[in-house]
Amino acid sequence: MLEAPGMIRDGRLPETLVEAARVLRAGGLVAFPTETVYGLGADATNDQAVAGIFAAKGRPSDHPLIVHVAAGPRGTEALSRFAQPLPLFAQRLVQAFWPGPLTLILTRQPGVAGAAAGGEDTVGLRCPSHPVAQALLAACAEQGVAGLAGPSANRFGRISPTLAAHVAEEFGDALLVVDGGACDVGIESTIVDCSRGAPVLLRPGVITRAQIEAACGQVLRDKADLAAPDPRAPGTLEAHYAPNAKVRLMDARALQSALDILGASGAHIAVWSRTVLKQRSSRILQRRMPDDALAVAQQLFAVLREFDAAGVKLIWVETPPATPEWEGVADRLQRAAAA
Ligand code: TXA
Ligand code: MG
């Protein structure tokens, strides 16, 4: 078998997990797959290891990180280690969506994972469903590492990685990357703040508002409803998730007019649309966007990276439908366009 490039290792092999857990136990960094995007992991209770994440990403150290925990009894144990007892609506969310692409912001146990929490008195916890993530979390738990602090494995402000190769692009060959294939979900987890007495949506993902409300039996509030919205959550910055090329969102008609105006010119432009458009330039890079929101989420970051790699200067994207199942995709595209 051919050696994988750099430090990318097959996450299905037990020896990969043993090596990764050893690095993490020793305070090192390891990139790992989840069902949403790849994470850059460190022992959540080791403040020095966590400092290494902030340094590698170029992320301000007061931006809190999500702590990933194992499923089953280990997860229950980790929950009570990192967070104070959950309100009932949060327990219901755990029941309904863990393991899966949902992060809960909970009141933190004082003295635990302070650096990972960026000094907040809350902690973000998530139990990923990716089998390789779960196998790694179990191997870490065996070694006494109860949780992995893990932001998306990209440099600050850049697009999240959905392939092991994307992580290597961001951080080079020195980082051990556990390969779990292409991420199924493709955009980051839905984040619900459960530390304010009622559930508050901090970041939309593929789990819809209706699903959250049905599971927890409470109305989901919006960030805008909060008296003091937290300015520190970088996933909530207007401009984020940006490719190098300039992204513009347009409806199908505006897109068609723009293509008509270009005529036969149009180098360095890429178009991603659900609608089939007429164009006269073979120099425009065109890709069809699927009609299904989940399929678009899965491809979104990889498509933006491909367009960047092709060297385009402009990316024109058809505005997604304004329906609930598109909320996560629309959010990421709007942020990419705001950069
Ligand atoms: O799907 C995901 O959530 C991925 C994978 C790797 O799990 N992780 C991820 O992490 O997207 P990151 O660091 O790129 O985004 C985490 C978001 C940030 O906006 C951060 O501010 C917010 O979660 N967050 C984490 N802990 C928080 C806390 N205690 N209070 C408020 N926001 C928090
Ligand atoms: Mg991120």
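The following exercises, each with a worked solution, concern a predicted model.

**Exercise 1. Two domains**

Determine where the protein is divided into domains and describe the contact between domain 1 and domain 2.

*Solution.*
- Step 1. The bounds are residues 8-225 for domain 1 and residues 246-338 for domain 2.
- Step 2. Taken over C-alpha atoms, the centres of domain 1 and domain 2 are separated by 30 Å.
- Step 3. On the side of domain 1, 24 residues take part in the contact, and they meet 16 residues of domain 2.
- Step 4. About 1,500 Å² is buried between domain 1 and domain 2, and carbon and sulfur atoms give 54% of this area.
- Step 5. Within domain 1, the residues that lose the most area to domain 2 are Ile159, Ile187 and Pro204, which together account for 37% of what that side buries.

**Exercise 2. Two helix pairs**

Describe the crossing of α4 with α7 and that of α9 with α10, giving angle, handedness and residues in contact.

*Solution.*
- Step 1. Two packed helices are described by the angle between their axes and the distance between those axes.
- Step 2. For α4 (residues 88-97) and α7 (residues 209-216), the axes come within 8 Å and cross at roughly 115°. The crossing of α4 and α7 is right-handed.
- Step 3. From α4, the residues Phe89, Arg92, Leu93, Ala96 and Phe97 meet Gln211, Ile212, Ala215 and Cys216 of α7. Sorted by class, this contact of α4 with α7 holds seven nonpolar residues, one polar and one charged.
- Step 4. For α9 (293-309) and α10 (residues 327-338), the axes come within 9 Å, with a crossing angle of roughly 35°. The crossing of α9 and α10 is left-handed.
- Step 5. Ala293, Val296, Ala297, Leu300 and Phe301 of α9 meet Val329, Arg332 and Leu333 of α10. The contact of α9 with α10 comprises seven nonpolar residues, no polar residue and one charged residue.

**Exercise 3. The surroundings of helix α6**

Establish how many residues of α6 are buried and which elements they pack against.

*Solution.*
- Step 1. Helix α6 covers residues 164-171, and six of its eight residues are buried.
- Step 2. The buried residues of α6 are Ala164, His166, Val167, Ala168, Glu170 and Phe171.
- Step 3. These buried residues pack against the strands β1 (8-10), β2 (30-32), β3 (39-43) and β8 (176-179), and against the helices α2 (47-57) and α9 (293-309).
- Step 4. Gly172 follows α6 and has a positive phi, near 80°.

**Exercise 4. Backbone exceptions**

Identify the geometry of the peptide bond from Trp98 to Pro99 and the sign of phi at Ala113.

*Solution.*
- Step 1. Most residues other than glycine have a negative phi, and most peptide bonds are trans.
- Step 2. The bond from Trp98 to Pro99 is cis, with omega near -10°. Pro99 is placed in the loop between α4 and β5 (102-107).
- Step 3. At Ala113, a residue other than glycine, phi is positive, near 55°. Ala113 belongs to the loop between β5 and β6 (122-126).
- Step 4. Ala113 counts as buried because its relative accessibility is 4%, and buried means under 20%.

**Exercise 5. The environment of Lys246**

Decide whether Lys246 is buried, partly exposed or exposed, and list its contacts.

*Solution.*
- Step 1. Lys246 lies in strand β12 (residues 246-250).
- Step 2. Its relative accessibility is 46%, so Lys246 counts as partly exposed.
- Step 3. Residues up to four places away in sequence being left out, Lys246 touches Lys313, Leu314, Ile315, Ala337 and Ala339.
- Step 4. Between Lys246 and Ile269 there are 9.7 Å, C-alpha to C-alpha, at a sequence separation of 23 residues.

Methods:
Residues are numbered from 1 along each chain as its sequence is written. Chains are lettered from A and ligands numbered from 1 in the order in which they are written. This is a predicted model: local features need pLDDT of at least 70, side-chain atom pairs count only at pLDDT 80 or more; totals for chains, interfaces and linings use all residues. Side-chain values use heavy atoms; hydrogens and water are left out. Axes are lines fitted to C-alpha atoms, for helices over the stretch in contact, and angles run from 0 to 180 degrees between N-to-C directions. Helices (H or I, at least four residues) and strands (E, at least two) are DSSP runs, numbered from the N terminus. A crossing is left-handed if the near helix is turned anticlockwise from the far one by less than a right angle, and right-handed if clockwise. Contact means heavy atoms within 4.5 Å. Ala, Val, Leu, Ile, Met, Phe, Trp, Tyr, Cys and Pro count as nonpolar, Asp, Glu, Lys and Arg as charged, and the others, Gly among them, as polar. Buried means under 20% relative accessible area, exposed over 50%, partly exposed in between (1.4 Å probe, protein chains only). Domain bounds come from an automatic or database domain assignment. Buried area is the accessible area (1.4 Å probe) that two parts lose on being put together, summed over both.
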